[in-house]
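Subject: Structure for your review

Dear colleague,

Please find below the structure that I am handing over to you. I would be grateful if you read the notes that follow with the model open beside them.

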Amino acid sequence: MADDLCSFAKDIFVIKVPKKSPLVLRMIVLVFAMVCGVYICSICLKQISTHSKAGYLNVQVIQKPCPEPQIEPWEIPYVHYPKPKTYSRAECACNPVRYFAILSMQRSGSGWFETLLNNHTNISSNGEIFSVKVRRSNTSTIVETLDKIYRLDWLSSASKNECTAAVGLKWMLNQGLMQHHADIVEYFNTRGVSVIFLFRRNLLRRMISVLANSYDRDVKLLNGTHKSHVHSPHEAEILANYKPIINATLLIPNLKQVEETTAKALEYFKSTRHIILYYEDVVKNHTKLIDVQHFLKVPLRELKSRQVKIHKGSLSSQIKNWDDVQKTLKGTHYENFLHSDYRK
């Protein structure tokens, strides 16, 4: 009886721990190890990131300032070091650049003159950019376009390389220039843009060129293609065969209008740094091209153009109603237009 009681008591006070499966224990250990590993990795990554940021913050790229050019004090506003957004000027970053604008009128020799400038290794003149109306719609679009040109970000066939020494454009007086002249003058003077005026002395010959070019724009004499400028004597001869009829009644008023427009342009832009050229003078006196290169402060080069003159010779062979035109201009201060192409 006593043995039975003892046995019963042992069963009450002795609790047997159930055996756990080895697989469960292994899973617990594996999960714990993974959690610890993830935690340790995250701590390490944070530390690496912190050190990296600190390192970047402490590193400063110091650009050496460009050495001051050996120029006269008055030239300083006209010397620039543009920083294009689309590329780096690299080793030419400290090469100074001059800004310019050719102000002219259609059929005044500006296309030929611009090809001469672009024949220079260090000059880029980008053509009639403001012939596109949206670019001259208001002052903001004009300034935005000019900024892009003078920043050397305007890409055209005239673009040279990062070592360009003079950059500009050709701008006709009727392409928003006169309409927004006050703002443009302020821009030129503030940004240091030099102006090259190019006009024609013989306005009658200019009128012939305007009428002939307008006619060819409609008729397209060169195999159905309109060309304002040509590069072969044969093409020039074809275009020169057309003889316009000039309205004798409106001739003198039209000539006066051109004179007045030219005078206004010279008055509007007289506060800018500028040079005045005439097509006839550039044709007969090549020292004028040297003057232009001095004006732009670029190395002197012999400048050439492939363009061929279209209308040449006596005016009597180029105007269909020559007698009417001659009678109209005789005795007026425009009479000298009836003579040689390069007579002043």
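The accessible surface of the chain comes to about 20900 Å², and carbon and sulfur atoms account for 58% of that area. Please keep in mind that this is a predicted model. The chain has 344 residues, of which 37% are buried. Its secondary structure consists of twelve helices and five strands. Among the contacts with a separation of 6 or more, 76% join residues that are 24 or more positions apart.

**The strands**

I suggest beginning with strand 1, which covers residues 98-104. Seven of its seven residues are buried, so by the cut-off of under 20% relative accessible area this strand is mostly covered. In a regular strand, side chains alternate between the two faces of the sheet. In strand 1, Arg-98, Phe-100, Ile-102 and Ser-104 point one way, while Tyr-99, Ala-101 and Leu-103 point the other way. The residues of both groups are buried.

Which strands pair with strand 1? One partner is strand 3 (residues 166-172), which runs parallel to strand 1 and is joined to it by seven bridges. Within this pairing, Ile-102 stands opposite Lys-170. Another partner is strand 4 (residues 193-199), which also pairs in the parallel sense, over six bridges. Here Leu-103 stands opposite Phe-197.

Strand 4 is in turn joined to strand 5 by five bridges, and these two strands run parallel as well. Phe-197 appears again in this pairing, with Ile-276 of strand 5 as its bridge partner. Strand 5 spans residues 274-278, and its side chains alternate. Ile-275 and Leu-277 point to one face and are buried, whereas His-274, Ile-276 and Tyr-278 point to the other face and are not buried.

**The largest pocket**

The largest pocket holds about 930 Å³ of space. It is lined by 41 residues, and those closest to its centre are Gln-106, Arg-107, Ser-108, Gly-109 and Ser-209. Several elements give two or more residues to this lining: helix 3 (110-118), strand 3, helix 5 (173-177), helix 7, helix 9 (248-268) and helix 10 (279-284). Which of them gives the most? Helix 7 does, with ten residues. By class, the lining of the pocket divides into 15 nonpolar, 18 polar and eight charged residues.

**The cavities**

How many cavities of 30 Å³ or more does a search of the whole structure find? The search finds three.

The largest cavity has a volume of about 90 Å³. Of the 14 residues that line this cavity, Ala-212, Asn-213, Asp-216, Leu-239 and Ile-310 lie nearest its centre. Helix 7 (residues 203-219) supplies the largest share of the lining, namely five residues. By class, the lining has six nonpolar, five polar and three charged residues. Helix 7 therefore deserves a second look, as a DSSP run that contributes most to the lining of the largest pocket and also gives the largest share to that of the largest cavity.

The second largest cavity has a volume of about 40 Å³. Its lining is formed by Trp-74, Glu-75, Tyr-78, Arg-98, Arg-273, Phe-295 and Lys-297. Three of these residues are nonpolar and four are charged, while none is polar. Arg-98 in this list is also one of the buried residues of strand 1.

Yours sincerely,
A colleague

Note on methods:
Residues are numbered from 1 along each chain as its sequence is written. This is a predicted model: local features need pLDDT of at least 70, side-chain atom pairs count only at pLDDT 80 or more; totals for chains, interfaces and linings use all residues. Side-chain values use heavy atoms; hydrogens and water are left out. On a 1 Å grid over the protein atoms alone, a cavity is a set of points where a 1.4 Å probe fits but cannot get out, and a pocket is an open set with protein on both sides within 12 Å along at least five of seven lines; lining residues have an atom within 4 Å of a point. Grid points are joined across faces, edges and corners, and a volume is the space filled by probe spheres set on the points. Helices (H or I, at least four residues) and strands (E, at least two) are DSSP runs, numbered from the N terminus. Ala, Val, Leu, Ile, Met, Phe, Trp, Tyr, Cys and Pro count as nonpolar, Asp, Glu, Lys and Arg as charged, and the others, Gly among them, as polar. Buried means under 20% relative accessible area, exposed over 50%, partly exposed in between (1.4 Å probe, protein chains only). Two strands pair if DSSP finds at least two bridges between them. Contact means heavy atoms within 4.5 Å. Accessible areas come from the Shrake-Rupley method with a 1.4 Å probe; for residues, only the protein chains shown count as cover.
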